[in-house]
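Hello,

Here is the structure I promised to pass on. My notes on it follow below.

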Amino acid sequence: MASPRTPDPLRRNNVVVTGDPDGRVMVFAHGFGCSQAAWDLVAPHFERDYKVVLFDHVGAGDSDVSAYDRGKYDSLDGYADDVLEILDALDVHDVVFVGHSVSAMIGVLAANREPARFGDLILIGPSPRYTNDGAYHGGFEPEDIAALLDALDANYLGWSSATAPMIMGNADRPELGARLVASFCSMDPAIARHFAHVTFLSDNRTDLGEVSVPTLVVQSSADAIAPDEVGRYVHQAIPGSRLATLQTTGHVPILSGPDEVVAEMRSYLS
C-alpha cells in the first residue's frame with residue numbers, strides 16, 4: 001500500500017470507477033494536455049463487461065495539483081509510480097491498461113516494473129522517442145523539438161491554440177481541434193510545460209524489449225506526432241505484440257475515430 005507520507009492516490013489522481021464491479025479491470029490513461037474526459041467516447045463502450053477505471057495525471061483535469069512534485073515528475077517513471085499506486089490502492093490484477101500517447105510509455109514502464117498486475121497493454125499512438133536518432137525515425141529533428149519547447153515555454157496558451165489542431169489532424173473537422181485546444185488550456189501551465197519537456201525528450205526504446213505482457217499497438221494514419229514508422233517500431237520491439245493500423249487519421253483517434261478504436265480493442269480482447 002501507499003506509504004503514510006503519500007497522498008491518497010485515488011484522490012490525488014481523481015480516480016473514477018464505473019462499469020461492472022465484478023468485471024475485469026480496464027484502466028484508461030490519457031495523453032499530454034488531456035484529462036480522463038478524453039475517453040468519453042471510448043470508455044462507456046466497455047462498462048457493461050469491465051470494471052472501468054479513469055484517472056487524471058497530476059496537473060490535469062480534477063487531480064490534486066498540490067501533489068505535484070517537480071522532482072518526482074522529472075521523468076515518466078514518476079507517472080508510472082502513480083499508476084502502480086492507483087492499482088495497489090484498488091487491489092486489482094490482470095488489468096487491461098489502455099494508454100494514449102505518452103501514457104502508452106507510462107504503461108510500459110509500470111508493466112515492466114510489476115508485470116503481475118497487468119493482463120494486457122493497449123498502446124494507442126505510442127512513441128518511445130520523438131526525435132530522430134540515426135536509423136530511428138521518430139518524426140522530429142532535435143532542433144524541431146527544441147523549437148517546439150521554446151515556443152511552449154514562451155507562451156503556453158498561444159502554443160496550445162496553434163499546436164493542438166495540428167496534433168488532432170482532421171482539418172475538415174475543426175470542432176475536434178477546438179476541443180483539444182480547450183483541454184490543453186485547462187491544464188496548469190507550469191505543470192504542462194514541465195510535462196511537455198519530459199514527454200518530448202524521453203527515450204524509452206530500450207524498455208520496449210522488456211515488455212512481457214501481451215500487447216496491442218494501435219496506430220493512426222497520418223499521425224503528425226507518432227508516424228507510421230514509430231508504430232511499426234514499437235510493434236517490432238515488443239515481443240509477440242499485435243499491430244492494428246486505423247483508417248482514422250491524426251494523433252487522437254479516441255476523439256476522431258472512437259468507434260474504430262473500440263472495434264480494434266474488442267477484436268484484440270475477444
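**Cavities first**

The largest cavity has a volume of about 140 Å³. Of the 15 residues that line this cavity, F32, S101, I167, F184 and H251 are the closest to its centre. Two helices stand out in the wall: α6 (174-185) and α7 (189-200) each give at least two residues to the lining of the largest cavity. By class, that lining has 10 nonpolar and 5 polar residues, and no charged ones.

Please keep in mind that this is a predicted model.

How many cavities of 30 Å³ or more does the structure hold? There are 2. The second largest cavity has about 30 Å³ of space. Its lining is made up of L76, V102, M105, S127, P128, Y130, T199, S202 and N204. These divide into 5 nonpolar and 4 polar residues. Charged residues are absent from the lining of the second largest cavity too.

**One lining residue: V102**

V102 is one of the residues that line the second largest cavity. The residue sits in helix α3, which covers residues 102-113. Is V102 buried or exposed? V102 has a relative accessible area of 3%, so it counts as buried; the cut-off for buried is under 20%.

What does V102 touch, once its neighbours within four places in sequence are set aside? The contacts are G31, F32, L76, Y130, F195 and T199. L76, Y130 and T199 also appear in the lining of the second largest cavity. F32, another contact of V102, is among the residues closest to the centre of the largest cavity.

For a distance across the chain, take V102 and S267. They are 165 residues apart in sequence. From C-alpha to C-alpha, V102 and S267 are 23 Å apart in space.

**The chain as a whole**

The chain has 11 helices and 7 strands. Its radius of gyration is 17 Å, close to the 18 Å that the globule rule gives for 270 residues, so the chain is as compact as a globular protein of that length. Along the principal axes, the C-alpha atoms fill a box of roughly 45 × 40 × 35 Å.

Of the 270 residues, 56% count as buried. The accessible surface comes to about 10700 Å², and carbon and sulfur atoms account for 50% of that. Among contacts in the chain with a separation of 6 or more, 76% are between residues 24 or more positions apart.

Best wishes

How values were computed. Residues numbered from 1 in each chain as written. Predicted model: local features only at pLDDT ≥ 70, side-chain atom pairs only at ≥ 80, totals over all residues. Heavy atoms only, no water. 1 Å grid on protein atoms, 1.4 Å probe; cavity = no way out; pocket = protein on both sides within 12 Å on 5 of 7 lines; lining within 4 Å. Points joined across faces, edges and corners; volume = space filled by probe spheres on them. Helix = DSSP H or I, 4+ residues; strand = E, 2+ residues; numbered from the N terminus. Nonpolar A, V, L, I, M, F, W, Y, C, P; charged D, E, K, R; others polar. Rg over C-alpha atoms; globule rule 2.2 N^0.38 Å. Buried < 20%, exposed > 50% of the residue type's maximum accessible area, 1.4 Å probe, protein only. Contact = heavy atoms within 4.5 Å. Areas by Shrake-Rupley, 256 points an atom, 1.4 Å probe, with all protein chains shown as cover.
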